[in-house]
Amino acid sequence: MKQKYEQQMKKGVLEMLVLQLLSEKEKYGYQLISELKEKSQGMFLLKEGTLYPVLYRMEDDGLVVSRWSEPKGKEVSKKYYRLAEEGKDALTGLRNLWETFSCTVDSIMEDGQADSCKEDGPQS
């Protein structure tokens, strides 16, 4: 049962995390998979079949832009993704939503009420 719930929680934050990684610099798919694994200490172990549909959807939504690299020597061409202007705005909105969401969940888990969280983010 734990795996089912863990999967649902991960699915809810995956796009936000991908946008965050792309806000640092452009990356290709395998880089994103490796960085998510490393930065999450193994919590996010993605397969290509999970990541690429997310990237394609974000590209269709105008959040990311892609380009193919020029192959050098025996190197194969790679598809790089970078954050579009709409993606920067989406990331800001998702961060704000995450702060409110996580504050609310934490508050409910601690004392049963979300009184300490505002609609536009946690109170300091």
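**Nonpolar core and helix packing in the predicted model**

The largest nonpolar core comprises 21 residues, and those with the most contacts inside it are Val 18, Leu 22, Leu 55 and Met 58. At least two residues of this core are supplied by each of four elements, namely H1, helix H2 (29-39), helix H3 (48-60) and strand E3 (79-83). The greatest contribution comes from H1, which gives seven residues. The structure described here is a predicted model. Met 58, one of the core residues with the most contacts, touches Glu 15, Val 18, Leu 19, Leu 63 and Val 64 when residues up to four places away in sequence are not counted.

The core is set within a chain of four helices and five strands. Along the sequence, these elements follow the pattern α-β-α-α-β-β-α-β-β. Of the 124 residues of the chain, 28% count as buried. The C-alpha atoms fill a box of roughly 60 × 35 × 25 Å, taken along the principal axes. Among contacts in the chain with a separation of 6 or more, 41% are accounted for by residues 24 or more positions apart.

Helix H1 takes part in two helix pairs considered here, with H2 and with H4. In the pairing of H1 with H2, the helices pack at an angle of about 105 degrees, and their axes lie 11 Å apart. Angles of 65 to 115 degrees count as roughly perpendicular, and H1 is therefore roughly perpendicular to H2. On the H1 side, the contact is made by Leu 14, Leu 17, Val 18, Leu 21, Leu 22 and Glu 24. On the H2 side, the residues are Leu 32, Glu 35, Leu 36 and Lys 39. By class, this contact has seven nonpolar and three charged residues, with no polar residues. Two of the H1 residues in this contact, Val 18 and Leu 22, are also among the residues with the most contacts inside the largest nonpolar core. In an α-helix there are 3.6 residues a turn, so residues three or four places apart point the same way.

The second pair joins helix H1 (residues 2-24) and helix H4 (residues 85-111), which pack at an angle of about 130 degrees with their axes 10 Å apart. The two helices are therefore oblique to each other, and H1 passes H4 in a left-handed crossing. The contact involves Val 13, Met 16, Leu 19, Gln 20 and Ser 23 of H1, together with Gly 87, Ala 90, Leu 91, Leu 94, Arg 95 and Trp 98 of H4. Seven nonpolar, three polar and one charged residues make up this contact. Leu 19 of H1, which contributes to the contact with H4, is also touched by Met 58.

Helix H2 has both buried and exposed positions. Its buried residues are Gly 29, Gln 31, Leu 32, Ile 33, Glu 35 and Leu 36. These buried residues pack against H1, strand E1 (27-28), H3 and E3. Among them, Leu 32, Glu 35 and Leu 36 also belong to the contact with H1. Glu 38, by contrast, is located in H2 and counts as exposed because its relative accessibility is 61%, where exposed means over 50%. Glu 38 and Lys 88 are separated by 50 residues in sequence and by 23 Å in space, C-alpha to C-alpha. After H2 comes Gln 41, which has a positive phi near 55 degrees.

Methods:
Residues numbered from 1 in each chain as written. Predicted model: local features only at pLDDT ≥ 70, side-chain atom pairs only at ≥ 80, totals over all residues. Heavy atoms only, no water. Axes fitted to C-alpha atoms, helices over the stretch in contact; angles between N-to-C directions. Parallel < 35°, antiparallel > 145°, perpendicular 65-115°, else oblique. Left-handed = near helix turned anticlockwise from the far one by under 90°. Contact = heavy atoms within 4.5 Å. Nonpolar A, V, L, I, M, F, W, Y, C, P; charged D, E, K, R; others polar. Core = buried A, V, L, I, M, F, W, Y, C linked by side-chain atoms within 4.5 Å. Buried < 20%, exposed > 50% of the residue type's maximum accessible area, 1.4 Å probe, protein only.
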